[in-house]
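Trainee: I have the sequence and the coordinates open side by side; could we go through them together, one topic at a time?
Mentor: Gladly, ask whatever comes to mind.

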Amino acid sequence: MAASGEQKDLPGQSIESWWESAITDIAPGSIRIRGYAIEDLIGRISFPAMIWLTLRGELPSPRQAQLLGAVLVAGVDHGPQAPSIAIARMAITCGIGINGAIASGVNALGDIHGGAGQQCMELLSLIDAKCRSGAELYPAVAAALDEWRGWHGRFIPGFGHRFHAVDPRATRIAELLNQAVRDRVIAGHFVQMGEAVRRELARGKTSPPAMNIDGAAAVLLLELGFPPELGRGIFVLSRSVGICAHAFEQSCRGERIKGPLPPEVTVRYTGAAPRILPRDETLP
Ligand SMILES: CC(C)(COP(=O)(O)OP(=O)(O)OC[C@H]1O[C@@H](n2cnc3c(N)ncnc32)[C@H](O)[C@@H]1OP(=O)(O)O)[C@@H](O)C(=O)NCCC(=O)NCCS
């Protein structure tokens, strides 16, 4: 703002366009999200529909909102074995607020913990690109898996689980997806691709990895037209609920500075043997 109070434009840019956004329009007494007045949305659309509207710019159909809601429900929590949850619980005992504890847990959601959904969406998108270039489904899957293994190693994101031979969340989402295909809510191309990847991984194995929640969520979100990066974002939104609940529950226990191990358990030391510090002037 210039000293006189009038707005001063930067070269080639008006000050009003510094933060251009197509999401929310704010004026005194008015909040519009993607063009809709917030007071019209409140009490009339579901939270998954609001997430869809905010991220995508248009309202979903009721069935689309239901499918997005299913993924949001499925990813909420997996207990304190999950590092994101344990970190949030430890963080809140250190005297930080619940926002800091939630941020600490969310920060642990990286490529290896929490990122498999986005990676699986990237893999399925690669298969989709091959099919669009004319490849048949199964050769496209085999080629994409080869490429993926060359880049990232033998574990394929969206399959297998440390605790669950069959992931109950994936089973339920598969039911909803199959129903949505029958009802023509989604086309089902990515459902077929996910199944083709599962079959390819099962070849020659006695206990092949089943599709897990990240794989099922990846299929569902691609069917709904979400890009891979938002797959990670939607998982973070979902898991934040569990992280918040665990951080709050932990804060109610009144424990202070809770570490990853009970105090009586010591960490196995693997460093230098005990040694004497010389008593002379050579010390730094
Ligand atoms: C979660 C994970 C670490 C569990 O691995 P694990 O404990 O070794 O799994 P299992 O012991 O049940 O493995 C059984 C077999 O399936 C294989 N397998 C498991 N997950 C696999 C995957 N994602 N891709 C390819 N093969 C897999 C194992 O290598 C093993 O084969 P083998 O007997 O020939 O060695 C692993 O499945 C994985 O990294 N998955 C991908 C990442 C992911 O989706 N994470 C989200 C989990 S919700």
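**Walking through the model**

Mentor: Let me begin with a single residue: glycine 134 sits in the loop between α6 and α7 (137-152), and please keep in mind throughout that this is a predicted model.

Trainee: Is glycine 134 buried or exposed?

Mentor: Glycine 134 has a relative accessible area of 58%, and since exposed means over 50%, glycine 134 counts as exposed.

Trainee: And how far is glycine 134 from proline 83, C-alpha to C-alpha?

Mentor: Those two C-alpha atoms are separated by 42 Å, for residues that stand 51 places apart along the chain.

Trainee: Going to aspartate 128, which helix does that residue lie in?

Mentor: Aspartate 128 belongs to helix α6, which covers residues 116-132.

Trainee: Buried or exposed, that aspartate 128?

Mentor: Aspartate 128 is buried, because its relative accessibility is 14% and the cut-off for buried is under 20%.

Trainee: What is aspartate 128 in contact with, apart from its neighbours in sequence?

Mentor: Once the neighbours within four places in sequence are set aside, aspartate 128 has contacts with Phe190 and Met193.

Trainee: Let's turn to α8; how many residues does it have, and what length does it reach?

Mentor: Helix α8 runs over residues 168-182, which makes 15 residues, and from its first C-alpha to its last it reaches 21 Å, close to the 21 Å expected at 1.5 Å a residue.

Trainee: Which residues of α8 are buried?

Mentor: In α8 the buried residues are Arg169, Ala170, Ile173, Leu176, Leu177 and Ala180. Viewed down the axis of α8, these buried residues fall within an arc of 125°, so they line one face of the helix.

Trainee: What do the buried residues of α8 pack against, and which exposed residues are on the face turned away?

Mentor: The buried residues of α8 pack against four helices, namely α3 (62-74), α9 (189-202), α10 (213-223) and α11 (228-252), while the face turned away from the buried side carries the exposed residues Pro168 and Arg182.

Trainee: What about the backbone after α8?

Mentor: Following α8 there is arginine 184, which has a positive phi near 60°.

Trainee: Which residues are buried in α4?

Mentor: Helix α4 takes in residues 83-92, and its buried residues are Ser84, Ile85, Ala88, Arg89, Ala91 and Ile92. Seen down the axis of α4, the buried residues fall within an arc of 165°, so they too line one face of their helix. The elements that cover the buried residues of α4 include α5 (98-107) and α11.

Trainee: New topic: what order do the strands of the sheet have?

Mentor: The sheet is open and made of three strands in the order β1-β2-β3, with antiparallel pairing. Its edge strands are β1 (24-27) and β3 (36-37), each of which pairs on one side only.

Trainee: How many bridges join β1 and β2, and how many join β2 and β3?

Mentor: Between β1 and β2 (residues 30-33) there are four bridges, one of the bridge pairs being aspartate 25 with arginine 32 in β2. Between β2 and β3 there are two bridges, and isoleucine 33 has tyrosine 36 in β3 as its bridge partner.

Trainee: Which residues have a positive phi in the two hairpins?

Mentor: The hairpin of β1 and β2 has two residues between the strands, and there glycine 29 takes a positive phi near 80°. The hairpin of β2 and β3 also has two residues between its strands, and arginine 34 in that turn has a positive phi of about 50°.

Trainee: Last one, the empty space: what is the volume of the largest pocket, and what lines it?

Mentor: The largest pocket holds about 1,400 Å³ of space and has a lining of 40 residues, with Phe159, Gly160, His161, Arg162 and Asn212 lying nearest its centre. Two or more lining residues come from each of α6, α7, α9, α10 and α11, and α7 gives the most, with three residues.

Trainee: And the largest cavity, what is its volume and what lines that?

Mentor: The largest cavity has a volume of about 100 Å³, and of its 13 lining residues Val71, Ala217, Leu221, Gly231 and Phe235 lie nearest the centre. At least two lining residues are supplied by each of α6, α10 and α11, and the largest share, five residues, comes from α10.

Technical notes
Residues numbered from 1 in each chain as written. Predicted model: local features only at pLDDT ≥ 70, side-chain atom pairs only at ≥ 80, totals over all residues. Heavy atoms only, no water. Expected span 1.5 Å × (residues − 1). Buried < 20%, exposed > 50% of the residue type's maximum accessible area, 1.4 Å probe, protein only. Arc of directions from axis to C-beta. Contact = heavy atoms within 4.5 Å. Pairing = 2+ DSSP bridges. 1 Å grid on protein atoms, 1.4 Å probe; cavity = no way out; pocket = protein on both sides within 12 Å on 5 of 7 lines; lining within 4 Å. Points joined across faces, edges and corners; volume = space filled by probe spheres on them.
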